[in-house]
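User: Please take a close look at the salt bridges in this model, and at how the paired residues are placed.

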Amino acid sequence: MSKSELERLASELENHLGDPHDPASRMPFERILDHDEREEYPYAFVNLLQRWGVHEYNIPEAQGGRAGDVETGFNLLRLIARRDPTTATALIITSLAFLPAWIAGTDEQKQYLVDAMKQGSRYAWGLSERNHGSDVLSNEMRAERVDGGYLLTGEKWLIGNARVADGLTVFARTKESGGPAGYSILLLEKRRTPAGAVEELPNERLHGLRALDMSGIRVDGVFVPEANRLGAEGAGLEIALQTSQVARTLIGSIALSAVDTALRVTLDFTEHRVIFGRTVSDIPYSRRQLAECFADLMVADAVSLGAVRSLQLVPEQASVWSSVAKYLVPTTLERTMSQLNIVLGARFYLRGLPHYGIHQKMLRDLLVANFADGNTVVNLKNLALQLDALLAAAVEPPAAAAADAEERVRTLYGLDTPLPLYRPWDQELYSRGRDDALLAAPASLAALRRLAEEAKGDERDRLTRAADTAGDLLGRARGLRSRCLALRAELGRDYGQSAELFDLAKEYCLLHAVAACVHTHVHSAEALEDPLPSGALLLLQLERLRRHWYPHEAVTDSAVVDEVMDVLRRLYWENRLFSHRPFPLAERTGPGPADG
């Protein structure tokens, strides 16, 4: 979908849903908080969005959907999640439940599920089990072969949508010995089983996403026809891992949106609250806090931009891009949210203030992005297993690989560059040392220096300092590789499970993020809308990443912070999304911060 088409579609959805601060809008914060308080599944909001057709942007065009582009669905989810992460999560779950069919199903199976989804059916993704967590190769639910199909026995637990879903795609053991080829994916249609055959487990109360259905199912010998197996028997693990790559990328929309709303309501306070003779936004310390939070959000936005688009352009690298995004976006934005709490002060803690009450919900809901569909440890382990090859390629890239990566990042980070049709079955489980973000970083850094030379005045200075900072940080890849080699030599067979290796994987994520920020600035510069791009913002983004290594050293000054605050204020007062895609948001028609 072209940039202009995506902007038009986003505007249509925003205008349809209206200002969330307005109680008369279709998805107002007032009703969202009421659902959350009563822990009541948001049927009305899910149905509203299904009627609008949002789910059709997550199902393939070949079967009557509108999805040829993962980025479209991702951005629509952001606009939903900025109002209610719970409703967005409920929609994501149905989309993920369909993915095994998209990846490995027959045309008939895809069409059947698409038709059901378009008619309003909900589905759940039955992967996790009570006693096994992320260790999916220990899963016990079994599917015993019988004439015409399978008898499904076992329990799935902590499954989103389990009780409200019409069906589940289930990861089940089809070989007694288990192992990588011992699992398959089956479609369990609850409505087509005898009454009582599918026992729905009690809903689990949650800290965040309180209105979400989070429960499970238990079955004992329920028949599933062979026609309901998605993909080949024994292919379940690969299909599940490919599905998880998409889940890890999409779930970042929850964290981005939570912080967008939290930053927006914090600005509602700081732009209007006068103390000591000036607005809170104009107090130097508060101003820096706000600018830093904005920079964090834009770092996460750049990482997500590349990760989402990588699913279509470089699906063979999905294991790296999805894991980096799944680790870095939530952990970065949890810190950002804590910083916003300080600026907003007591208002974030008061549940009765109608205007600011949503901040507390976003604070709680954001946390799901950290552990759902692969927690921090799982994603760091995935990167740790590939770290030697990734760093070897980053430090000494083969000339052809680097040239290819340089060409691809123009599309990966070019907001107005079309993507090829999404082919989820092309996603691979290991990248073989390829990460275009790092491979192409030297070329984009050189391009940034050329932009600095062409710039004038303060912008020239900001871009030059940004290039110097990025160069210093990206240069750490060589030292990181040396530390990996030394750790392997020291620990031998224990290297792969060592805590130290996980720390090195964290550093790799930061290097990827540095590269993402540079790529986005360089390759989206012409497509960005005023007040972006901004050399000051890029410099502050890099400083925020640099502080992971140098927590007490700044590369910015108050003048840079003032420039970033000007960018943030422009987007805020023009009512646009805090993103490299600053979509216009619904007109503000509800009561202002002074009213609550």
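Analyst: Arginine 410 and glutamate 407 are three residues apart in helix α15 (residues 399-412), so about one helical turn separates them. Helices here are DSSP runs of H or I with at least four residues, strands are runs of E with at least two, and both are numbered from the N terminus. The two side chains form a salt bridge whose closest N and O atoms are 2.8 Å apart. The term salt bridge means a side-chain nitrogen of Lys or Arg within 4 Å of a carboxyl oxygen of Asp or Glu. With a relative accessible area of 40%, arginine 410 is partly exposed. On this scale, buried is under 20% relative accessible area, exposed is over 50%, and partly exposed lies in between, using a 1.4 Å probe and protein chains only. Elsewhere, salt bridges with shared partners join Lys3, Glu7, Glu529, Asp530, Arg570, Glu574 and Arg576 into one network.

The model is predicted: local features need pLDDT of at least 70, side-chain atom pairs count only at pLDDT 80 or more, and totals for chains, interfaces and linings use all residues. Residues are numbered from 1 along each chain as its sequence is written, and side-chain values use heavy atoms, leaving out hydrogens and water.

By the salt-bridge rule, the count comes to 57. Side chains of opposite charge can pair when their charged atoms come close. Another pair within one helix is aspartate 260 with arginine 264, where the closest N and O atoms are 3.0 Å apart. Both residues lie in helix α8 (residues 252-270), four residues apart, about one turn of the helix. Aspartate 260 is buried at a relative accessible area of 1%, and arginine 264 also counts as buried, at 5%.

A further salt bridge joins glutamate 71 to arginine 309, with 2.7 Å between the closest N and O atoms. This pair links distant parts of the chain: glutamate 71 is in helix α4 (residues 70-81) and arginine 309 in helix α9 (residues 284-313), 238 residues apart. Glutamate 71 is buried, with a relative accessible area of 5%, and arginine 309 is buried with 1%.

Asp530, a member of the network, also takes part in a backbone feature. A cis peptide bond joins aspartate 530 and proline 531, with omega about 20 degrees. Proline 531 lies in the loop between α20 (499-523) and α21 (535-546). The peptide bond from leucine 532 to proline 533 is cis as well, with omega near 0 degrees, and proline 533 lies in the loop between α20 and α21.
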